[in-house]
Amino acid sequence: MTNTAVKPAPPAEQEVHETASARPTSKRRVMIIAVASIAFIALLALIIGRAIFDPAAASDTETPMTATQVIPLIVLVVMFVIATKWPVNIGVMGLVASFGIGYFMLGMSDKEILADFPASIVLTIVGVTYFFSMAQHNGTIDIIVRNCVRAVRGKTMLLPWVFFLVAAALTSLGTFSPAAVALLAPAAIGFAYESRIHPVLMGAFIINGAHAGGFSPLSVAGVLVHDIALENGFPVSPGALFIASFVINLILSVLTVVVFALLGKLREGDGIKHIDPNASDSVRPRGQQIFTLVLIAAMLVSTLGFHLPIGFVALSAGLLLALVNIKKQQSFVAGISWSTVLLVAGMITYVSLLEHVGVIDTLAHKALALGAPILIALVLCYVIGVGSAFASSTALLAAFIPLAGPLLAVSSLSASGTVAAIAIAATVVDVSPFSTAGALVVANAREDDRQRVYRQLMMYAGAVVLVAPVLAWGLLVPTGIM
């Protein structure tokens with residue numbers, strides 16, 4: 001792959017999986033679904049099973065879960081199993097389940113069901129993905145990438161770090177993490193083959209970089225985590241969350257280089273050709289590209305300097321950019337991540353329903369009875385980490401962060417550190433080829449190399465699932481550094 005231009009991202013995760021020919025066999029898929037399902041309900045089994053098998057251990061103050069709590073919880077687990085096995089948007093299921101349970105079981109009106117609909121988060125997703133779809137179409141992202149590649153001046157082993165930093169910059173400015181990977185993967189994997197860098201190493205760096213900036217105060221995930229925590233009564237520091245995510249993903253990237261070096265896998269093959277950093281077309285921005293860069297700078301000043309809401313700011317910048325390119329309005333609007341809008345809106349609405357009937361508080365208090373709060377935090381990190389390797393990280397964040405509320409209320413654990421550890425554990429495992437980001441890496445590998453990239457990315461993802469949750473927990477929770 002010699003073309004360095006950024007290609008449009010696949011419109012949906014389903015299409016990404018269809019593009020990659022290296023899909024698991026039916027038997028392996030069944031096994032993976034079983035593992036994911038077991039991992040997701042492991043905490044629930046520990047919590048609920050304790051009361052069943054050891055009733056004497058439960059305190060007198062503990063009350064059993066009622067039918068109105070158990071049924072919505074079972075529905076939640078079923079939703080995750082379905083979303084893991086089939087490409088069905090779990091947010092749509094969440095909205096439908098909210099209506100079914102809220103209206104028919106609890107007698108709630110539609111206004112009561114939608115009382116906690118995350119309008120501000122939805123606006124943020126719409127705004128930033130609308131603006132950056134234009135930045136992709138008018139070549140601004142391509143200009144940024146090619147300038148960064150030219151900066152290495154032929155030192156090809158710096159290329160993974162270049163794409164790490166570019167991905168981090170894109171997501172820290174507001175690009176959704178899968179979108180950033182989709183923007184960079186075609187060029188990055190192409191450069192990897194040309195410069196004899198292992199494609200799995202390059203893919204890991206793109207994904208780690210996307211997550212390094214993925215929790216900035218301007219990003220979709222950063223706003224999501226901050227708002228969920230704030231609504232549950234334990235506000236976290238947006239700046240501390242961003243720094244923690246960046247540092248941990250940086251550490252994972254360094255460890256990745258060390259492991260690949262020890263295995264002798266930093267370079268491989270003869271390559272197609274070596275990169276000539278001066279062979280690219282002109283990398284000077286022109287016309288709309290200059291205007292787009294000015295708008296990005298204005299967004300930074302408005303949101304960081306004047307604390308204006310990023311959703312409205314991004315929409316305003318997008319409207320200004322749209323007015324100079326009227327003919328392509330349909331493609332710009334199509335670039336909005338509607339699947340993410342549905343996912344976030346549906347999951348937060350459904351989790352709010354669970355909170356309304358007391359499911360979150362009951363589960364959290366039962367979890368506290370299992371042992372020390374600091375160990376419960378580790379269990380949460382591992383459960384959400386393993387689950388996120390196969391299911392939606394965003395959906396799991398919406399479901400798991402509220403569980404930390406009662407945990408933090410009765411312990412001295414740092415709210416920012418605990419929430420950051422859970423959030424980071426949920427996202428760093430997205431190198432799995434069953435996540436959107438991992439699938440994009442496989443899809444952009446050479447056709448004759450996809451099966452090998454798929455297998456090795458699976459092994460790498462397994463190592464990350466084992467190491468990353470405990471790394472995030474160990475650095476952020478016991479230390480109280482945040």
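Author: Buried residues have under 20% relative accessible area, exposed ones over 50%, and partly exposed ones lie in between (1.4 Å probe, protein chains only). This is a predicted model, in which local features need pLDDT of at least 70 and side-chain atom pairs count only at pLDDT 80 or more, while totals for chains, interfaces and linings use all residues. Residues are numbered from 1 along each chain as its sequence is written, and side-chain values use heavy atoms, with hydrogens and water left out.

Reader: How many of the 14 residues of α8 are buried?

Author: Helices are DSSP runs of H or I with at least four residues, numbered from the N terminus, and α8 covers residues 159-172. Its buried residues include Leu-159, Phe-163, Phe-164 and Leu-170. The helix is mostly covered, and the number of its residues that are buried is eleven.

Reader: Which helices are included in what covers the buried residues of α8?

Author: Contact here means heavy atoms within 4.5 Å. By that criterion, the cover over the buried residues of α8 includes α7 (140-151), α9 (177-194), α10 (199-212) and α12 (238-262).

Reader: Why are α18 and α21 described as parallel or antiparallel to each other?

Author: Axes are lines fitted to C-alpha atoms, for helices over the stretch in contact, and angles run from 0 to 180 degrees between N-to-C directions. The axes of α18 (residues 373-388) and α21 (residues 415-427) come within 7 Å and cross at roughly 25°. Angles under 35 degrees count as roughly parallel, over 145 as roughly antiparallel, 65 to 115 as roughly perpendicular and the rest as oblique. The two helices, α18 and α21, are therefore roughly parallel.

Reader: How many charged residues does the contact of α18 with α21 have?

Author: Among the residues making this contact are Leu-380 and Ile-384 of α18 and Ala-421 and Ile-422 of α21. Ala, Val, Leu, Ile, Met, Phe, Trp, Tyr, Cys and Pro count as nonpolar, Asp, Glu, Lys and Arg as charged, and the others, Gly among them, as polar. The contact has eight nonpolar and three polar residues, and the count of charged ones is no residues.

Reader: Is Ala-297 partly exposed or buried, and at what relative accessibility?

Author: Ala-297 is found in helix α13 (residues 288-305), and its C-alpha is 9.6 Å in space from that of Leu-173, although the two are 124 residues apart in sequence. Ala-297 counts as partly exposed because its relative accessibility is 38%.

Definitions and conventions: The expected span of a helix is 1.5 Å times one less than its number of residues.
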